[in-house]
Amino acid sequence: VFYVTNGVQMWHYHYAQNFLRGLDSVADVSVDVYYIEDDDEAEFQGSRTASPLATAITGSRVLDVVATLWYHLRFLLHLAVRRPDVVHFNTEFRNQYHTYGLTLLAKLAGARVVRTVHEITSERLGDISEYERQIAYRNLRAADHLIVHSDAVVEELRDAGVKTSATVLPHGNYLFFREYLNPDADPPLPTDGKPVVLFFGPKKHKGIKVFADALMEVEESFTIW
């Protein structure tokens, strides 16, 4: 499996770590990771190799483009030599055009392309041109299989004309992070001794209305972060 994801400083790094931990437990599966290079040291547990596939846009634009083209030539070489069975995209890579190009390269090399769609595509993309939106959906139609986190995302994709087969895998939790907690450390925010509820995700589709309604139903008071 070639696993294409964003870098350490970018979104979905936590998801990539969990996903790779799962793949590492599967017999007869080896994973090579390709990521956006950034300032932090990239660490992807369970992967056989980890190689940059693009640079973060931080320095000279000309140097960024040259470095990215060099990484892509290496990626093509890896596709030709290692002949992966699957190329898995953990959401879009850099932008929709870039991802679509990589998808076509993977299919040209004979690999099956799997894409994780973390959210409803239209909400993820936001205010973009209609042409770029169509590229995004064309990319999803070109994939051999999709992974989504809810049936609602499947329905939204079907309404947009994306008929690619999909598997619904619930997003899961982050309880594994508790392994790295220092039980003697002070909490990052002040607390008054009441139970603390930590809520991520102000976006509507992440359930903030359900969360707010639930708080109205409980009798005990909470400290809410």
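## Salt bridges, loops and surface patches

Let's start with a pair of charged residues: Asp32 and Arg82 form a salt bridge between their side chains, with 3.4 Å from N to O. Asp32 belongs to strand S2 (residues 32–37) and Arg82 to helix H2, so this pair ties together parts that are 50 residues apart in sequence. A salt bridge here is a side-chain nitrogen of Lys or Arg within 4 Å of a carboxyl oxygen of Asp or Glu. Helices (H or I, at least four residues) and strands (E, at least two) are DSSP runs, numbered from the N terminus.

Before going on, please note that this is a predicted model, in which local features need pLDDT of at least 70 and side-chain atom pairs count only at pLDDT 80 or more, while totals for chains, interfaces and linings use all residues. Residues are numbered from 1 along each chain as its sequence is written, and side-chain values use heavy atoms, with hydrogens and water left out.

How many salt bridges does the rule give? The count comes to six. Asp32 and Arg82 are also part of a salt-bridge network that includes Arg48. Three of the pairs are set out here.

| Pair | Closest N to O |
|---|---|
| Asp32 and Arg82 | 3.4 Å |
| Arg115 and Glu92 | 3.7 Å |
| Lys209 and Asp213 | 3.0 Å |

Are these residues buried or exposed? The words have fixed cut-offs: buried is under 20% relative accessible area, exposed is over 50%, and partly exposed is in between (1.4 Å probe, protein chains only). Asp32 is buried, at 1%, whereas Arg82 is partly exposed, at 34%.

Next comes the pair of Arg115 and Glu92, joined by a salt bridge with the closest N and O atoms 3.7 Å apart. Arg115 sits in strand S5 (residues 112–117) and Glu92 in the loop between S4 and H3, so parts that are 23 residues apart in sequence are tied together. Arg115 is buried at 7%, and Glu92 is buried at 12%.

The loop holding Glu92 has other details to look at. Thr91 is placed in this loop, between strand S4 (86–90) and helix H3 (96–108). With 3% relative accessibility, Thr91 counts as buried. The side chains of Thr91 and Glu92 share a polar contact of 2.7 Å. Such a contact is a pair of N or O atoms within 3.5 Å; within protein, one must be able to donate a hydrogen and the other to accept it, and residues adjacent in sequence count only if both atoms are side-chain atoms. Arg94 lies in the loop between S4 and H3 as well; Arg94 has a positive phi of about 75° although it is not a glycine, and is partly exposed at 26%.

The third pair in the table is found within one helix. Lys209 and Asp213 are four residues apart in helix H7 (residues 208–217), which means a separation of about one helical turn. Lys209 is exposed at 60%, while Asp213 is partly exposed at 40%.

Finally, which residues link up in the chain further along in space? Val196 and Phe222 are 26 residues apart along the chain, and their C-alpha atoms are separated by 5.8 Å. Val196 is found in strand S8 (residues 196–197) and is partly exposed, at 38% relative accessible area.
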